[in-house]
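Open the model in your viewer and keep the sequence panel at hand. This tour goes stop by stop, with a selection at each one.

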Amino acid sequence: MKSLAVFTSGGDSPGMNATIRAVVRTAISKEIKVYGIYDGYEGMINNSIVELNTKSVANIIHKGGTFLRSSRSEAFKTKEGRRKAFDNLNTLNIKHIVAIGGDGTFAGALEFSKEYPISVVGLPGTIDNDLMGTDYTIGYDTALNTVVDAVDKIRDTANSHNRLFIVEVMGKDAGFVALRSGIASGAEAALVPETNIYTDTLFKKLKSGRREDKTSGIVIVAEGNNSGGAYQIADKITQNYPNYEVRVTVLGHIQRGGNPSAYDRVLASRLGFGAVNALLDGKKNIMLGILKGEYKYTPFEKSLKHHDKLSPYLLELISVLSS
Ligand code: F6P
């Protein structure tokens, strides 16, 4: 392997810059030429490809976002788009790629590698943590800390006014952000896409035990939960329990920004280093993750169609500790 390219794609996540840095510096240490592709798959099609050196990635380990920028490319879903992308890579003699992103990124890479002789190693970069084959995705820990910091502040005003806050967090298909941030912020409940039962459980909780004389509190709702968005849940609570004064906060994209946590920087560094070695070992069409402290290779087909189940233990934990 004489050269490789690295790019970021899909929703950005804190730690992507640290990952690019690790890929670039590992490759250069092994005398491999390394290119950065700007704007994800769009840049591959538009030939936004530049050679990077160790200085290109200086002073970025602590920065959120991705200096290579990102996109969700419609053009790459077409044969014509992928042909243009291949022609551009071929001109630079690039046959190996590190793709940092989520399931959409890996789906694109899989399609591409079926049509052209390109080896792709994927790294899990998303705040959602919804990929099979890694305990944590790059950016998840930082996003959790961002949510917990915000909820701590919301709790201050919730207590002052005796209000119940419904806080909506990201996660259209997965409740990982909601569940862990719910535990860490001491929420009454976390409503997640993976289960239906939670509005009923929440309602029971609102009229039972210690809750009876308590009208303040926090409920975390994942955007993709099955009971509707935060505003719909707030309406249901207000209709059923008029003694609660309910307010809604949608945290939105602040969850995607900010300096990566120490955990995410180390994870990013380990995965960036591991991806270059995986390509050197001849690996392709796999996502490299870290499971129980060890590198783990998961075929794209598996990592993009599934994610680990929410831990029943953590679901029980939030329920017991909030009672
Ligand atoms: O990064 C993943 C994710 O955060 C999802 O949880 C969310 O639904 C989505 O991205 C929103 O992304 P965008 O606004 O960039 O389309």
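Which residues lie nearest the centre of the largest pocket? Select G10, G11, R72, D103 and G104. Keep in mind that this is a predicted model.

**Stop 1: the largest pocket**

Widen the selection to the whole lining, which has 31 residues. The space inside is about 650 Å³. Colour the lining by residue class: 13 residues are charged, 13 are polar and five are nonpolar.

Now show helix α4, residues 103–115. With six residues, α4 gives the most to this lining.

Next, colour by domain. Domain 1 covers 3–139 + 260–303, and domain 2 covers 140–256. Both give residues to the lining of the largest pocket, so the pocket lies between them.

**Stop 2: the second largest pocket**

Select N129, D135, F176, R180 and K309. Of the 14 residues that line the second largest pocket, these are the closest to its centre. The volume here is about 250 Å³.

Apply the class colours again. This lining divides into seven nonpolar, four charged and three polar residues.

Which helix gives the most to this lining? Pick helix α6, residues 176–184, which supplies three residues. Keep the domain colours on as well: domain 1 and domain 2 each provide at least three residues of the lining.

**Stop 3: the sheet**

Switch to a cartoon view and find the open sheet. Its four strands run in the order β7-β8-β6-β9, with parallel pairing. Select β7 (189–191) and β9 (245–250) to mark the edges. Each has a single partner strand, so one side of each is left without a neighbour in the sheet. On average, neighbouring strands of this sheet are turned by 20° against each other, direction ignored.

**Stop 4: β6 and β9**

Zoom in on strand β6, residues 163–169. How many bridges join β6 to β9? There are six, and the two strands run parallel. For a single pair, select I166 and V248: I166 stands opposite V248 in β9.

**Stop 5: the helix on the sheet**

Finish with helix α5, residues 140–161. Helix α5 packs on the sheet. Show its contacts: α5 touches β6, β8 (217–222) and β9. Then compare directions, where α5 makes about 160° with β6.

Notes:
Residues numbered from 1 in each chain as written. Predicted model: local features only at pLDDT ≥ 70, side-chain atom pairs only at ≥ 80, totals over all residues. Heavy atoms only, no water. Pairing = 2+ DSSP bridges. Axes fitted to C-alpha atoms, helices over the stretch in contact; angles between N-to-C directions. Contact = heavy atoms within 4.5 Å. 1 Å grid on protein atoms, 1.4 Å probe; cavity = no way out; pocket = protein on both sides within 12 Å on 5 of 7 lines; lining within 4 Å. Points joined across faces, edges and corners; volume = space filled by probe spheres on them. Nonpolar A, V, L, I, M, F, W, Y, C, P; charged D, E, K, R; others polar. Domains from an automatic or database assignment.
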